[in-house]
Amino acid sequence: MIEVRPGGRRRIDKVLDPDFAVDLASLDLDELRSRRDEAAQEETDLSYLRRLLQARADLVRAEQSHRAGTPGSTVDDLADVLGAGVTGPAHGSGRFLTVNPSRAGEHRRHGEALAADPELSDVIHLDVDQLARALTAFEAEEHDTSEARHQVQAVMDACNAEIGRRYRDGTASIDGLLDAERAGTRHEAHPAP
């Protein structure tokens, strides 16, 4: 379960701290962009964790399906199970992510910790009740991760809205951004709207 601790040291604690997105209009443009970029990185990390959890749940569902009579085995169908939906239509926020997960190892360990639990791992050897408990655990964790991701997206949206307002109102200019880029003082992970 993702527990947010306002005032904590982790990025999610910082991004979801109520003060992080309060009075964005008073921030200078560089600080506003920095906060938007921090939120974008956290969204990327949460998206990565969410997909790991979805893959674990997909494996449990595949094993349940095979036990219910679907031909083949989970091991034989592993590539199909893990690849389902990866190349298909997107069901997410529609955001184009331009950063890589920064805490892939941490999230992988979190997913592996769930999988290392004897009640959740080795789906082929779990009994029917254990499979059901494993699926419930993975789905609950994925739900919590999705909720945190939606909260982070709201922070990103608030930052982007303020940046956009400044460009519309003329208090920020593309020329200033280009000058900073030319001078090498600003590298944006996400272009301003």
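Which residue just after α5 takes a positive phi? Gly170 does, with a value of about 85°. Keep that glycine in mind while we walk through the rest of the chain, which is a predicted model.

Let's start with the overall picture. The protein chain has six helices and zero strands, so if you read the elements from the N terminus on, you get α-α-α-α-α-α. The chain has 193 residues, and 38% of them count as buried.

Now pick out helix α2, which covers residues 29–67. It has 39 residues, and from its first C-alpha to its last it reaches 57 Å. That is close to the 57 Å you would expect at 1.5 Å a residue. At the N-terminal end, Asp28 acts as a cap for α2: one of its side-chain oxygens lies 3.1 Å from the backbone nitrogen of Asp30. After the other end of α2 comes Gly69, with a positive phi near 120°.

Helix α5 can be read in much the same way. It takes in residues 128–169, which makes 42 residues. At 1.5 Å a residue it should span 62 Å, and its end C-alpha atoms are 61 Å apart, so the two values agree. At the start of α5, a side-chain oxygen of Asp127 reaches to within 3.0 Å of the backbone nitrogen of Asp129. Just after α5 sits our glycine from the opening, Gly170, with its positive phi.

How do these two helices sit against each other? Two packed helices are described by the angle between their axes and the distance between the axes. Here, the axes of α2 and α5 come within 8 Å and cross at roughly 160°. Angles over 145 degrees count as roughly antiparallel, so that is the word for α2 and α5. As for the handedness, α2 passes α5 in a left-handed crossing.

Next, zoom in on some side chains, beginning with Ser47 in helix α2. Is Ser47 buried or exposed? Its relative accessible area is 16%, and buried means under 20%, so Ser47 is buried. Ser47 and Ala148 are 101 residues apart in sequence, yet their C-alpha atoms are 10.0 Å apart in space. The side chain of Ser47 also has a polar contact of 2.7 Å with the side chain of Arg149.

Another link between α2 and α5 brings charge into the story. The side chains of Glu139 and Arg61 meet in a salt bridge, at 2.9 Å from N to O. This pair links distant parts of the chain, with Glu139 in helix α5 and Arg61 in helix α2, 78 residues apart. Both residues count as partly exposed: Glu139 has 33% relative accessibility, and Arg61 has 35%. They also belong to something wider, since salt bridges that share partners join Arg51, Asp58, Arg61 and Glu139 into one network. Within that network, Arg51 forms a salt bridge with Asp58, where the closest N and O atoms are 3.6 Å apart. Arg51 counts as partly exposed too, at 26% relative accessibility.

A search of the whole structure finds 15 salt bridges, and one of them ties α2 to a helix earlier in the chain. In this one, the side chains of Asp45 and Arg11 meet at 2.9 Å, N to O. Asp45 is in helix α2 and Arg11 is in helix α1 (residues 11–15), so the pair links distant parts of the chain, 34 residues apart. The two partners have rather unlike surroundings: Asp45 counts as buried at 0% relative accessibility, whereas Arg11, at 22%, counts as partly exposed.

Two last stops are worth a look. In helix α2 you will find His66, which counts as buried at 14% relative accessibility. A polar atom of the His66 side chain lies 3.2 Å from the backbone oxygen of Thr70. Then there is the loop between α1 and α2, where Asp23 is found. Most residues other than glycine have a negative phi. Asp23 is not a glycine, but its phi is positive, at about 55°.

Terms used
Residues numbered from 1 in each chain as written. Predicted model: local features only at pLDDT ≥ 70, side-chain atom pairs only at ≥ 80, totals over all residues. Heavy atoms only, no water. Helix = DSSP H or I, 4+ residues; strand = E, 2+ residues; numbered from the N terminus. Expected span 1.5 Å × (residues − 1). Polar contact = N/O pair within 3.5 Å; in protein donor to acceptor, adjacent residues only side chain to side chain. Buried < 20%, exposed > 50% of the residue type's maximum accessible area, 1.4 Å probe, protein only. Salt bridge = Lys/Arg side-chain N within 4 Å of Asp/Glu carboxyl O. Axes fitted to C-alpha atoms, helices over the stretch in contact; angles between N-to-C directions. Parallel < 35°, antiparallel > 145°, perpendicular 65-115°, else oblique. Left-handed = near helix turned anticlockwise from the far one by under 90°.
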